[in-house]
Amino acid sequence: MDLGPRGVIGLLGPNGSGKSTLLRILVGLVRPDAGTASVDGTLLEGDGTAIRRRATYAPGELALYKELRADAHLEWFLRGRGRESIARARGIAEQLGLPLKARVRTFSHGMKRQLVFAAALAPDVRVRILDEPTEGLDPSKRGAVLDLLAADARERGTTIVLSSHHLGEVDRACDRLVFLSGGKKIADETPASLSARAGRVLRLDFPGDSDRSRIEAALHKLGGASLARLEVTADGALRASLVLDTDDPRPFTAKALASADLPRPRAFEYGRLSLAEIYRELYGVEGC
Amino acid sequence: MVREYRFQLYGMLAYFVVLEILLAAAILFWPDFEGNLDALRSMAPLEALKGIVDQIGEAGVSAYVNGQHFFKGCNTVGMLAAVIFAMGAVAGEAQRGTLEIWLARPLSRRRILLERFVAGAIAVTLPVFVSSATVPWLLDRVHEEMEFRDLMLGSLHQSIFLIAIYGITFFFSCVSSRPVVIAFVMLMFTIFEFALYMIQDVTHISIFRLADIDVFANIGATHGLDLRIVIPMLAVIAMTLWGSLAAFARRVP
């Protein structure tokens with residue numbers, strides 16, 4: 001897997017898909033069972049200190065030192081990063097409306113998340129690795145965080161890898177989306193291409209007792225579309241989800257209706273899906 | 001960095017105050033103690049305690065100070081401090097869930113661990129030296145005196161003993177996520193060892209023999225450390241530190 005250089009890369013997948021593990025491996029917090037990794041040209045060796053000097057990391061788990069004040073916690077996070085980073089982090093935190101003189105124990109979950117984010121965004125590094133940076137944030141704060149990330153990538157030329165299990169939450173900031181499931185990469189594409197496909201999804205519901213292999217073969221024979229999934233729905237229908245090659249569904253639909261190899265569909269459904277829906281539709285993975 | 005070690009700093013101050021109060025009270029009580037040695041000997045319930053009273057009767061105030069300050073004060077309060085400072089060093093972070101952010105900074109694990117080990121070791125040993133340094137002044141209140149150099153050598157020996165205990169606890173902290181369990185294990189171990197010390201037939205196998213009145217009396221007599229005791233204790237410290245570094249290097253947050 002090659003991520004970057006530059007831009008915001010969204011690492012997506014349901015809980016347990018391996019997003020956090022991958023990010024932790026990249027910064028040396030978890031040792032890989034096999035294989036190698038490098039960040040910004042630095043090979044992962046030892047405990048990954050060399051990589052953590054070149055990249056910032058914001059963990060997904062939010063356990064902070066509650067007895068510290070927010071500004072002291074920023075200093076603690078940024079030990080070894082220089083005074084400029086601390087000043088910049090304070091600026092970001094203030095921009096996000098965090099009370100820097102308050103103790104962390106008085107912070108809500110979302111405020112803690114923003115504090116960690118401010119610390120990860122401040123240092124002058126080329127790579128930022130952020131585990132669920134928008135988790136627990138309200139929509140306005142989420143938007144602010146994503147805008148800051150996009151601006152950072154655009155203006156400072158950084159590579160930002162962020163994870164999320166909510167595609168709809170982060171797609172606006174991402175230049176690239178990488179989907180993980182069961183520890184494997186199942187897709188890697190741009191939001192634009194995914195969005196284009198989302199506008200060309202056709203669902204055909206066949207009777208539940210239809211022959212699956214016959215339907216698969218017939219749809220393949222028709223051409224003009226690729227079969228993404230074939231599954232039994234809750235109401236017992238055998239649903240084929242197809243991504244059409246063109247924006248106009250009518251030619252394919254007409255061919256499908258005329259085909260003698262296909263049973264007559266019980267229902268048609270065509271239209272633009274949300275990114276979260278297409279994720280489910282195309283990859284069959286819940287949680288995004 | 002001071003904020004990071006606030007617990008050790010405040011803990012060290014509290015530990016010093018307790019140690020100093022015990023020391024001051026003991027030294028100011030010395031004239032009464034000296035005048036009632038025979039009665040105290042007859043009241044001692046165990047042979048081991050009678051032996052200690054005899055030693056004080058023969059050697060005078062230096063044995064009394066060694067017994068009260070090093071054997072009683074430092075061995076009890078110091079061991080408690082050693083366990084408290086070490087038990088949460090890594091296990092506490094794991095239990096609180098802060099291990100990940102602790103390790104996420106651009107600092108090597110070796111450095112992070114050594115910093116914490118040294119901070120705790122200083123917190124365990126500095127009060128021993130500082131309180132020992134006040135002994136001449138306190139003894140002056142009761143018109144007695146003791147060699148400052150012997151007190152510092154005694155403090156050094158005591159500190160090595162306490163760091164060995166600290167190192168063992170620290171190692172447990174590196175491999176565990178439950179500081180309370182570590183504290184309980186160390187408490188049971190200490191009670192067991194002290195019980196051994198009090199039984200004449202097996203007293204020689206107790207770890208408290210490594211830091212009892214005999215040892216400090218020997219330091220006073222030779223004006224030097226007993227390397228037969230110090231070197232094995234240093235070896236224990238080195239092994240526990242090495243073990244801690246190895247365990248911490250593999251630790252997953």
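# Exercises on a two-chain model

Buried residues make up 42% of the 253 residues of chain B in this predicted model.

**Exercise 1.** Describe the make-up of chain B in helices and strands, and decide how its radius of gyration stands against the globule rule.

*Solution.* We begin by counting the elements, which gives 13 helices and zero strands for chain B. Reading along the sequence, we accordingly find the pattern α-α-α-α-α-α-α-α-α-α-α-α-α. The next step is to compare two values: the radius of gyration of chain B is 19 Å, which is close to the 18 Å given by the globule rule for 253 residues, so chain B is as compact as a globular protein of that length. We can then add the extent of the chain, since the C-alpha trace of chain B spans about 60 × 40 × 30 Å along its principal axes. Finally, we look at the contacts in chain B with a separation of 6 or more, and find that 79% of them join residues 24 or more positions apart.

**Exercise 2.** Work out the strand order of the open sheet in chain A, and find which strands lie at its edges.

*Solution.* The open sheet has six strands, and their order in chain A is 4-5-6-1-7-8, with mixed pairing. The edge strands are strand 4 (55–58) and strand 8 (184–189) of chain A, each of which pairs on one side only. Between neighbouring strands of this sheet the turn is 15 degrees on average, with direction ignored. We may now examine one pair in detail: strand 1 (residues 7–12) and strand 7 (residues 176–181) of chain A run in the parallel sense and are joined over four bridges. Within strand 7 of chain A, the residue that stands opposite A:L11 is A:V178. To complete the picture, helix 6 (residues 139–156) of chain A lies across strand 1 and strand 6 (159–164) of chain A, and the helix runs at about 135 degrees to strand 1 of chain A.

**Exercise 3.** State how chain A is divided into domains, and then describe the side of chain B that touches chain A.

*Solution.* Chain A consists of domain 1 (7–193) and domain 2 (200–271), and the centres of these two domains of chain A, taken over C-alpha atoms, are separated by 41 Å. Turning to the interface, we find 17 residues of chain B in contact with 20 residues of chain A. On the chain B side, helix 7 (residues 99–103) of chain B supplies the largest share, namely three residues. Sorted by character, the residues on this side of chain B comprise eight nonpolar, three polar and six charged ones.

Terms used. Residues are numbered from 1 along each chain as its sequence is written. Chains are lettered from A and ligands numbered from 1 in the order in which they are written. This is a predicted model: local features need pLDDT of at least 70, side-chain atom pairs count only at pLDDT 80 or more; totals for chains, interfaces and linings use all residues. Domain bounds come from an automatic or database domain assignment. Two residues are in contact if their C-beta atoms, placed from the backbone, lie within 7 Å. Helices (H or I, at least four residues) and strands (E, at least two) are DSSP runs, numbered from the N terminus. Ala, Val, Leu, Ile, Met, Phe, Trp, Tyr, Cys and Pro count as nonpolar, Asp, Glu, Lys and Arg as charged, and the others, Gly among them, as polar. The radius of gyration is taken over C-alpha atoms; the globule rule is 2.2 Å times the number of residues to the power 0.38. A residue is buried if 20 or more other C-beta atoms lie within 10 Å of its own, exposed if 12 or fewer, and partly exposed in between; C-beta atoms are placed from the backbone. Two strands pair if DSSP finds at least two bridges between them. Axes are lines fitted to C-alpha atoms, for helices over the stretch in contact, and angles run from 0 to 180 degrees between N-to-C directions.
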